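Hi everyone, thanks for coming along. I'd like to walk you through a structure in a few short stops, so please have it open in front of you.

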Amino acid sequence: MRTTPLLDHVSIAVGDLSSARPFYDAIMAVLGARKVYDHEAAIGYGERCSGESSGGSYVTVRRSSGVAPVDGLHWCFKAVNRQQVRAAFAAGIDAGGRDDGGPGLRAEYHPTYYAAFMKDPDGNRIEIVCHQSE
């Protein structure tokens, strides 16, 4: 059984970092992922690993030329409860995201799978999920 997150880090490519920044700042703030860096070409959230601590996990949102998200490109972030799913969805929509399936149960995955889906300003599909019951 794993005791650390499966992913060390992930990079999400966007064409316009200035329009993506408010969207990711909003949802990551609700999810409690602190901003670990903010540069002209990339921003990072979460906890970076080190030689002393390997339990972190973080996401980088980076500017890239020629970005063309494909349907099915999907990034899912865990929420601690259903209220946090709703709050992250609202924050993302308020910060320029587009509704791609509002908060609700998705029983086709399992009976307590509660998630919300949105598109970031570049069209990446972002999901926020909570696996626990209310």
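One definition before we start: a residue is buried if its relative accessible area is under 20%, exposed if that is over 50%, and partly exposed in between. Please also keep in mind that this is a predicted model.

Let's put that definition to work on the cysteines. How many disulfides does the structure hold? The count is 0. As a reminder, a disulfide is a covalent bond between the sulfur atoms of two cysteines. Take C76, which is in no disulfide: the nearest cysteine sulfur belongs to C130 and is 11 Å away. A disulfide needs the two sulfur atoms within 2.5 Å. Looking from the other side, C130 is in no disulfide either, and the nearest cysteine sulfur to it is that of C76, 11 Å away. Now, is C76 buried, exposed or partly exposed? Its relative accessibility is 38%, so C76 counts as partly exposed. C130, with a relative accessible area of 1%, is buried.

C76 leads us to our next residue, E127, because C76 is one of the residues E127 is in contact with. You'll find E127 in strand β9, which covers residues 125-130. Leaving aside neighbours within four places in sequence, E127 also contacts H74, W75, F77, Y113, A115, A116 and F117. What about a charged partner? E127 is buried yet has no salt bridge. The nearest side chain of opposite charge is R125, and the distance is 5.9 Å.

On to the helices. Helix α1 runs over residues 17-31, 15 residues in total. From its first C-alpha to its last, α1 reaches 20 Å, close to the 21 Å expected. Which residues of α1 are buried? They are L17, A20, F23, Y24, A26, I27, M28 and L31. Here is something handy for reading such a list: an α-helix has 3.6 residues a turn, so residues three or four places apart point the same way. Just after α1 comes G32, with a positive phi of about 80 degrees.

Helix α2 covers residues 82-94, which makes 13 residues, and reaches 18 Å, close to the 18 Å expected. At its N-terminal end, N81 acts as a cap, with a side-chain oxygen 3.2 Å from the backbone nitrogen of Q83. The buried residues here are R82, Q84, V85, A88, F89, A91 and G92. What do they pack against? Their partners are α1, β6, β7, β8 and β9. After α2 we meet G96, whose phi is also positive, near 105 degrees.

Last stop: two strand residues. V61 sits in strand β4, residues 58-63, and counts as buried because its relative accessibility is 0%. V61 touches several residues beyond its sequence neighbours, among them L17, A20 and Y24, and those three are on the list of buried residues in α1. L17 and V61 are 44 residues apart along the chain, yet their C-alpha atoms are separated by 7.7 Å.

Y37 is in strand β2, residues 35-38, and at 15% relative accessibility Y37 counts as buried too. The C-alpha atoms of Y37 and T60 are 9.0 Å apart, with their positions 23 residues apart along the chain. Their side chains make a polar contact at 2.7 Å. Y37 also touches A42, I43, G44, R48 and Y58.

That's the tour. Thanks for listening, and I'm happy to take questions!

Terms used. Residues numbered from 1 in each chain as written. Predicted model: local features only at pLDDT ≥ 70, side-chain atom pairs only at ≥ 80, totals over all residues. Heavy atoms only, no water. Helix = DSSP H or I, 4+ residues; strand = E, 2+ residues; numbered from the N terminus. Expected span 1.5 Å × (residues − 1). Buried < 20%, exposed > 50% of the residue type's maximum accessible area, 1.4 Å probe, protein only. Lys, Arg positive; Asp, Glu negative; His and termini not counted. Salt bridge = Lys/Arg side-chain N within 4 Å of Asp/Glu carboxyl O. Contact = heavy atoms within 4.5 Å. Polar contact = N/O pair within 3.5 Å; in protein donor to acceptor, adjacent residues only side chain to side chain.
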